[in-house]
Amino acid sequence: MIHLKPALAALLALSTQCVAIDLFVKSSGGNKTTDIMYGLMHEDINNSGDGGIYAELISNRAFQGSEKFPSNLDNWSPVGGATLTLQKLAKPLSSALPYSVNVANPKEGKGKGKDSKDKKVGLANAGFWGMDVKRQKYTGSFHVTGEYKGDFEVSLRSAITGETFGKKVVKGGSKKGKWTEKEFELVPFKDAPNSNNTFVVQWDAEGAKDGSLDLNLISLFPPTFKGRKNGLRIDLAQTMVELKPTFLRFPGGNMLEGNTLDTWWKWYETIGPLKDRPGMAGVWEYQQTLGLGLVEYMEWADDMNLEPIVGVFAGLALDGSFVPESEMGWVIQQALDEIEFLTGDAKTTKWGAVRAKLGHPKPWKVKWVEIGNEDWLAGRPAGFESYINYRFPMMMKAFNEKYPDIQIIASPSIFDGMTIPKGAAGDHHPYLTPDEFVQRFNKFDSLSRDNVTLIGEAASTHPNGGIAWEGDLMPLPWWGGSVAEAIFLISTERNGDKIIGATYAPGLRSLDRWQWSMTWVQHAADPALTTRSTSWYVWRIFAHHIIRETLPVDAPAGKPNFDPLFYVAGKSETGTGIFKAAVYNSTESIPVSLKFDGLNEGAVANLTVLTGPEDPYGFNDPFTGVNVVEEKTTFIKAGKGGAFTFTLPGLSVAVLETADVVKGGKGKGKGKGKGN
């Protein structure tokens, strides 16, 4: 059961003190920060890939299956009285896609009558809980085998009324014993009033010599982000772009590990033509197409100018099984091959040549590789011990020898009980209550530059007093939890020389099927339901004001340094001053007087403040469209002594950036202090 409202005092730990806080930002003594402070993480959870950011509209397009999720005809229905049968033909479309659908004409006396002349039969697909139909160009294809003379017709129709919004004749028939690919473009002549629509492929029944045809890999794409073939859904990609990310961590996440040692995310099965991708038994209770594969992830990174952080399989599965030391050779080799595929020369390396044949002759640049995912969790303690004792050391040694310029990241961090070897970084995944984030504000102060850490996943997931793993996961990100995330981000930025970067996870969630409710963005087939959560607004405002050098902040003796006001200050790339803050443990507004060394009376700045609803459990509701986050930007001038004075409400998040360059100008910090 989800507990929506534990004791309010447990969330706020209310403070009755409300004294003015005077802060002075020094001009030196801080540190240069990471170049990739904020980024993205993706794995296919919550139908965030298939049915989400991967723009394919056809659900179950190739009848892919596995032992865990057998092939089926889900989301397909007959048209014109036809009979649909799942078939495993002697000559399938490919070895990767052994199953197809047989569409048989109605038997005599069924359907529209005995006369089959002008009768059309076919099949319809309901999409991923519907399809958005607009007056725009859709591109599609399907593969067909069987003796047929005539043309095919494709259309987009209402699943409720049967109204046709657009159709296209696809010329030419098909041959028995030979698979023929049919490609088409379809532009509807009107918008559908809702997303309860279907895609139909049909043909003249009398043209099918043997009374049936077999079809497979039936695909339909709307316009995609940056026009990429097999690309991303535009509106969801845009929600990510608006966050100004700098890296993409993929492919997760539990998806990388797989359910068993035989069903991990085999990167080499995610490349090449779609007909050669078998799919995989997803770890989040559904079969995955692998249409969003290794190349598509790298193209995603290219199109958003992101640094890829590539996770490689490290020999541990979610069922707790792991590869023994004597058999680690193949695990190491496949990981090295994966990076060779991405970075290898097209003429001198095996996998570089494969990449070139797939349309990418120029190697990608990969600076970051993570060995495994959360290897401290599955199969513990034995699985974790195997990672510490031999799996990680063996893989790190192999990578250092072949790719010495790549920064290796261990999937645990020092906070998970692993001593990270010199030269490697760690990965920390805090999923916490709001109070836990606040209580751990100084956590990263203990890191040294030898313990550089990625925050590869993070979120406020359950209310104070709740336990996410016992059913207390909140239904959506909520304002109080999002403010706590802001305080967590301030703590990471204060240690920006020791943090590689940070990202929320998961990023996306289907409103029709999900396994993890807390996500930046929620979506459905209807783009009108795409919703940016309260947390999305918090992460966005911080990512839009990047501190390149932290600066120490002095507070007068006897006044609180942190709590209820948590903050960090520094300089931007251009040398302007930046101050980030959040108020948590207070019901009263907090007066702030802020000075930057070197700025005088009359200096100007923009102050942006995010506030939420009176109820700290308020959330952005996808179904009502209510957005509880209010964002207000104010132009302010420094008063006497160069002080910017303003008041921050309780449970608020704020960023102030000066228009003027602060003392010291543009440059790199050389000190050893934190931005505190």
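This is a short tour of sheets, pockets, cavities and aromatic contacts, one selection at a time. Keep in mind as you click around that the model is predicted.

**Stop 1: strand S7 and its partners**

Start by selecting strand S7, residues 138-145. How many of the 8 residues of S7 are buried? The count is 7, so the strand is largely enclosed by the rest of the structure.

Now add strand S10 (180-186). S7 and S10 run antiparallel, joined by 7 bridges. For one of these contacts, show threonine 139 and look across to glutamate 185, its bridge partner in S10. Then bring in strand S12 (212-221), which is also antiparallel to S7 and is connected to it by 6 bridges. Here, pick histidine 143 and find its bridge partner in S12, asparagine 216. If you switch on hydrogen bonds, remember that strands of a sheet pair through the backbone, either parallel or antiparallel.

**Stop 2: the largest pocket**

Keep those three strands on screen and add helix H4 (294-303): S7, S10, S12 and H4 each give at least two residues to the lining of the largest pocket. Which element supplies the largest share of that lining? S7 does, with 4 residues.

The pocket holds about 790 Å³ of space. To centre your view, select Glu183, Phe221, Lys229, Asn230 and Leu274, which of the 28 lining residues lie nearest the middle of the pocket. Colour the lining by class and you get 9 nonpolar, 10 polar and 9 charged residues.

**Stop 3: enclosed cavities**

Next, the closed spaces. There are 7 cavities of 30 Å³ or more. The largest has a volume of about 60 Å³. To find it, select its lining: Phe225, Arg228, Asn230, Gly231, Leu232, Glu296, Glu299, Trp300 and Asp303. You've met Asn230 already, among the residues nearest the centre of the largest pocket. By class, this cavity lining has 3 nonpolar, 2 polar and 4 charged residues.

The second largest cavity contains about 50 Å³. Residues around it include Asp44, Asp50, Met255, Trp265 and Tyr297. Its lining splits into 5 nonpolar, 3 polar and 2 charged residues.

**Stop 4: the aromatic cluster**

Show the aromatic side chains; the structure has 34 aromatic pairs. For a close look, pick tryptophan 267 and tryptophan 351, an edge-to-face pair with 4.9 Å centre to centre and 70 degrees between the planes. This pair ties together distant parts of the chain, 84 residues apart: tryptophan 267 sits in the loop between helix H3 (254-257) and strand S14 (280-281), while tryptophan 351 belongs to helix H6 (residues 350-357).

Are these two rings' residues buried or exposed? Tryptophan 267 has a relative accessible area of 1%, so it is buried. Tryptophan 351 is at 16%, which also counts as buried, because the cut-off is under 20%.

Now widen the selection to Trp264, Trp267, Tyr268, Phe313, Trp330, Phe341 and Trp351, which ring pairs connect into a cluster.

**Stop 5: arginines over rings**

Jump to arginine 509 and tryptophan 514: the arginine lies over the face of the ring, 3.9 Å from its centre. A second example is arginine 532, over the face of tryptophan 536 at 5.3 Å from the ring centre.

**Stop 6: two open parallel sheets**

Select S2, S13, S16, S17 and S18, in that order; they make up an open sheet with parallel pairing. Its edges are strand S2 (40-41) and strand S18 (407-410), each pairing on one side only. Zoom in on strand S17 (residues 368-371), which pairs with S18 in the parallel sense over 4 bridges. Among the contacts, valine 369 has isoleucine 408 of S18 as its bridge partner.

The other open sheet has 3 strands, ordered S19-S21-S23, again parallel. Strand S19 (426-427) and strand S23 (499-502) have a single partner strand each, so one side of each lacks a neighbour in the sheet. S19 and strand S21 (residues 453-455) are joined by 2 bridges, and aspartate 427 has leucine 454 of S21 as its bridge partner.

**Last stop: glutamate 485**

Finish in helix H9 (residues 479-494), where you'll find glutamate 485. Glutamate 485 is buried, with a relative accessible area of 1%. Draw a distance from its C-alpha to that of arginine 440, 45 residues away along the chain, and you'll get 11 Å.

Notes
Residues are numbered from 1 along each chain as its sequence is written. This is a predicted model: local features need pLDDT of at least 70, side-chain atom pairs count only at pLDDT 80 or more; totals for chains, interfaces and linings use all residues. Side-chain values use heavy atoms; hydrogens and water are left out. Rings of Phe, Tyr and Trp (its six-membered ring) pair if their centres lie within 6.5 Å; planes under 30 degrees apart count as stacked, over 60 as edge-to-face and the rest as tilted. Buried means under 20% relative accessible area, exposed over 50%, partly exposed in between (1.4 Å probe, protein chains only). A charge sits over a ring if NZ of Lys or CZ of Arg is within 6 Å of the ring centre and within 35 degrees of the ring normal. On a 1 Å grid over the protein atoms alone, a cavity is a set of points where a 1.4 Å probe fits but cannot get out, and a pocket is an open set with protein on both sides within 12 Å along at least five of seven lines; lining residues have an atom within 4 Å of a point. Grid points are joined across faces, edges and corners, and a volume is the space filled by probe spheres set on the points. Ala, Val, Leu, Ile, Met, Phe, Trp, Tyr, Cys and Pro count as nonpolar, Asp, Glu, Lys and Arg as charged, and the others, Gly among them, as polar. Two strands pair if DSSP finds at least two bridges between them.
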